[in-house]
Amino acid sequence: MYDILFESPLIIDGTGSAPYRANVATLGTSIALIGRENVRARRVVEASHLTLVPGFIDVHAHSEIYVLNEKHAEMKLRQGITSDISGNCGIGVFPLNENRHLLKPLNDDVLGKCTQSFCWTDFASFSSLLKKQGCGINTGFMQAHAPLRFAIMGEDSSRAASDDEIRAMCALLDESLSEGCYGFSTGLYYNPCSFADERELEALLSVTAAHDGLFSVHMRSESDDILEAAQEVLALSLRCSVRLEISHLKIIGEANQEKTAALLALIHSYRDRGLDVSFDQYPYNYGSTSLFSLLPPRYLSLTRSELRFALQLESEREEMKREMMHPDGWESLYAVLGPERISILHMDSRSDLEGRSLASLSSTPLDFLFDILSDEGGAAVMSDVTEDQSTLEAIMKDDLMHFGTDAIYSSSSPHPRSSEAALEFLGNYVLSRKLHTLEEGISILSGKNARLMRITDRGIVREGAAADLLLLDIDNPEVRIAMAVVNGIPALENGVLQNVLSGKVLLRK
């Protein structure tokens, strides 16, 4: 007897093919039958008024701490995400050694504060912990760059690495990839990854390529120097024969919107030269990251206590202002966007500032920024208006685009991409704006991402595939998730979160 029988839903299978109607039956963790047969099952769901699709896959996640703190992963499930890939932008939680404290400042702002001790040392022990506690969704991981640099270089990570240090980082990366990580990620905008030179990146990408892993990268610039930043990672990836995924592709700054066509043409030119390249995107023209990341990189290499002290010295403030308004070799979002487009999304110590732009808070916004950061001992997260709607849609319509949320869970009031991105994409951009057909939209959310990550048994409605399934109630352009099934177990039903932890740790095969 089958476990669940979905009677006669409209099936959109995740491949981009035309919809069709059939019965779908599950057995254990898999899809066991698709057809018109009348079969017996322990539970029958009449679904002729609903649409059955694969569970959505988020290829750009920051869920490491989220799934430890909130193991049911409710904000993921409520938008239909049944699998995600974390460890992006070079930000991660393994490997760990005596230098683990160095990860805390950026991790707290992006990943959130962990409610349990960091009791693991490598990917194998971290994944074992996740398996032991259970999780509401499936989770896979990239090996992030920052933990490699901190583990090997310690406090002295704000510089180029030596040959010996590069070899040691490569050994750790090889270990993580051998244990099942999907690839290597870096954030060349963030400290300490921003100090990596070409030698280091080439060596790490050569290890990644040897495992047929994916290279995902938050580029050095997403604004004034975006074409040069893209050229850097495209040429490097082609030289190393590694698969490339450019993270959250966007173009920041009003003056840079005219570069959209040139940027997409550059990426496609490398695709034509044989590079396996694509990019991910979330469906919003405003983003979110650490408020501290507005400061010059060399200051971000300080401990949080040292930084707070420096922010109180007038001489250091004047130097920070000079570097932020006239950056040399790094991207200053403050200079590109201005204080009008930068708002405080969350601060541990100043909830009264949330939702306000820096310009609205003070006539001297840089001094105000330094004041609040010098008093902040915890997390500080900002929201920034990044690009025009036309730029967002041009990137979204490109056939190299993949869906990712870039969700962060470090605040009590996160960016809406953390809880709504998949349904925003489907309802607003597919059903309402019609940038894609419904079949294409479902594929972008599921099968296309599965193929990117070389996951062969998810992101598709097919006999023998994992039973990660969604029943959607579509009333154009509204989309409601009637049921979310993870590995054959209903995890969300009629808006009610079920008390199950049926997710798995996904490992690269």
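**A buried glutamate and its surrounding strands**

In this predicted model, Glu245 is buried but forms no salt bridge, and the nearest side chain of opposite charge, that of Arg243, lies 7.7 Å away. A salt bridge would require a side-chain nitrogen of Lys or Arg within 4 Å of a carboxyl oxygen of Asp or Glu. Glu245 belongs to strand 14, which covers residues 243–246. The side chain of Glu245 does reach the backbone nitrogen of Asp280, at 3.1 Å. Beyond its sequence neighbours up to four places away, Glu245 touches several residues, among them Val59, Phe215, Ser278, His402 and Leu452.

Attention now turns to the strands. Strands of a sheet pair through backbone hydrogen bonds, in either a parallel or an antiparallel manner. One open sheet has 3 strands in the order 8-9-10, with parallel pairing. Strand 8 (56–58) and strand 10 (138–141) stand at the edges with a single partner strand each, so one side of each has no neighbour in the sheet. On average, neighbouring strands of this sheet are turned by 15° against each other, direction ignored. Strand 8 pairs with strand 9 (residues 81–86) over 3 bridges, and Phe56 stands opposite Ile81 in strand 9.

Antiparallel pairing appears around strand 4, where 3 bridges link this strand to strand 1 (residues 2–7); Ile4 stands opposite Thr26 in strand 4. Strand 4 is also joined to strand 5 (residues 30–35) by 5 bridges, again antiparallel, and Ala25 has Leu33 of strand 5 as its bridge partner. The hairpin of strand 4 and strand 5 has 2 residues between the strands, and Gly28 takes a positive phi near 65° there. Because 4 of the 5 residues of strand 4 (residues 23–27) are buried, this strand is largely enclosed by the rest of the structure.

Terms used. Residues numbered from 1 in each chain as written. Predicted model: local features only at pLDDT ≥ 70, side-chain atom pairs only at ≥ 80, totals over all residues. Heavy atoms only, no water. Buried < 20%, exposed > 50% of the residue type's maximum accessible area, 1.4 Å probe, protein only. Lys, Arg positive; Asp, Glu negative; His and termini not counted. Polar contact = N/O pair within 3.5 Å; in protein donor to acceptor, adjacent residues only side chain to side chain. Contact = heavy atoms within 4.5 Å. Pairing = 2+ DSSP bridges. Axes fitted to C-alpha atoms, helices over the stretch in contact; angles between N-to-C directions.
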